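Here are my notes on this model. Please read them with the structure open.

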Amino acid sequence: MNFHTRKWIKPADLNPNGTLFGGSLLRWIDEEAAIYSIIQLENPKVVTKFVSEINFLSSATEGDIIELGLTATHFGKTSITLKCHVRNKITRKSILTIDKMVFVNMGEDGQPAPHGKTKITYIEDRFNDA
């Protein structure tokens, strides 16, 4: 799994209990997963189709640094399926896991469109193709 994004937990990210607000974390995950899908499918028009069970394992507090990890687990005809893991960068303690997030590749007409991808590409692959 590649950990792409790090977030520094600030006071505005906290809930009344003084821990990371789950809604903020889910917003960050959805945005990062969409960006990951856009890069993999080479199309800026992707939409979130499905998110499986969200398993909150622990929390984070102000000043913690967390990292969001994503990996593609399946390429469908018009979709990409990802797995997500969030952990505390310092303690390495798991904060959250999501086994399945599905994003759909959209065409110019706003309908699902085939993307033709079958495997993960990495930055060096994209630079070598250029």
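Which residue of S6 does Ser 79 stand opposite? Ser 79 stands opposite Val 104. The points below put that pair in its setting. Bear in mind throughout that this is a predicted model.

1. Overall layout. The chain has two helices and six strands. Read from the N terminus, the order is β-α-β-β-β-β-β-α. Along the principal axes, the C-alpha atoms fill a box of roughly 45 × 30 × 20 Å. The chain has 130 residues, and 40% of them count as buried. Take the contacts with a separation of 6 or more: 68% of these come from residues 24 or more positions apart.

2. Pairing of S5 with S6. Strand S5 covers residues 79–88, and strand S6 covers 94–105. The two are antiparallel, with eight bridges. The Ser 79 and Val 104 pair belongs here. So does Leu 82, which stands opposite Met 101 in S6. S5 and S6 form a hairpin, and five residues lie between them. Arg 92 sits in that turn, with a positive phi of about 65°.

3. Pairing of S4 with S5. On S4 (65–75), the partner is again S5: nine bridges join the two strands, which run antiparallel. Glu 67 stands opposite Arg 87 in S5. A hairpin of three residues connects S4 to S5. S5 is mostly covered, since nine of its 10 residues are buried under the 20% relative accessible area cut-off.

4. Other partners of S6. Strand S2 (residues 46–51) runs antiparallel to S6 and is joined to it by five bridges. Within that pairing, Phe 50 stands opposite Val 102. Strand S3 (residues 54–56) is also antiparallel to S6, with three bridges. Here Phe 56 has Leu 96 as its bridge partner.

5. Helix H1. Does the length of H1 agree with what its residue count predicts, or disagree? It agrees: H1 has 20 residues (22–41), so at 1.5 Å a residue it should span 28 Å, and its end C-alpha atoms are 28 Å apart. The buried residues of H1 include Leu 25, Trp 28, Ile 29, Tyr 36 and Leu 41. Polar names are on that list too, among them Ser 24, Glu 32, Ser 37 and Gln 40. Glu 42 follows H1 and has a positive phi, near 55°.

6. The nonpolar core. Which residues touch the most other members of the largest nonpolar core? They are Leu 25, Ile 29, Ile 66 and Val 86, in a core of 26 residues. H1, S4, S5 and S6 each supply at least two residues of this core. H1 gives the most, with seven. In soluble globular proteins, nonpolar side chains tend to be buried together.

7. Leu 25 in detail. Set aside the neighbours within four places in sequence. Leu 25 is then in contact with Leu 20, Phe 56, Ile 66, Val 86, Ile 95 and Leu 96. Two of these contacts, Ile 66 and Val 86, also appear among the residues that touch the most other core members. Phe 56 and Leu 96 are bridge partners as well.

8. Ile 120. Is Ile 120 buried or exposed? Ile 120 is buried, because its relative accessible area is 18% and the cut-off is under 20%. Ile 120 lies in the loop between S6 and helix H2 (123–129). Beyond its neighbours within four places in sequence, Ile 120 is in contact with Tyr 36, Gln 40, Thr 71, Ala 72, Phe 75 and Asp 125. Tyr 36 and Gln 40 are both buried residues of H1. The C-alpha atoms of Ile 120 and Gln 40 are separated by 6.7 Å, though the two residues are 80 apart along the chain.

9. Rings. How many aromatic pairs does the structure hold? The count is zero. There is, however, a charge over a ring: Arg 87 lies over the face of Phe 3, at 3.6 Å from the ring centre. Arg 87 is the residue that Glu 67 stands opposite in S5.

Conventions:
Residues are numbered from 1 along each chain as its sequence is written. This is a predicted model: local features need pLDDT of at least 70, side-chain atom pairs count only at pLDDT 80 or more; totals for chains, interfaces and linings use all residues. Side-chain values use heavy atoms; hydrogens and water are left out. Helices (H or I, at least four residues) and strands (E, at least two) are DSSP runs, numbered from the N terminus. The expected span of a helix is 1.5 Å times one less than its number of residues. Buried means under 20% relative accessible area, exposed over 50%, partly exposed in between (1.4 Å probe, protein chains only). Contact means heavy atoms within 4.5 Å. A nonpolar core is a set of buried Ala, Val, Leu, Ile, Met, Phe, Trp, Tyr and Cys residues joined through side-chain atoms within 4.5 Å. Two strands pair if DSSP finds at least two bridges between them. Rings of Phe, Tyr and Trp (its six-membered ring) pair if their centres lie within 6.5 Å; planes under 30 degrees apart count as stacked, over 60 as edge-to-face and the rest as tilted. A charge sits over a ring if NZ of Lys or CZ of Arg is within 6 Å of the ring centre and within 35 degrees of the ring normal.
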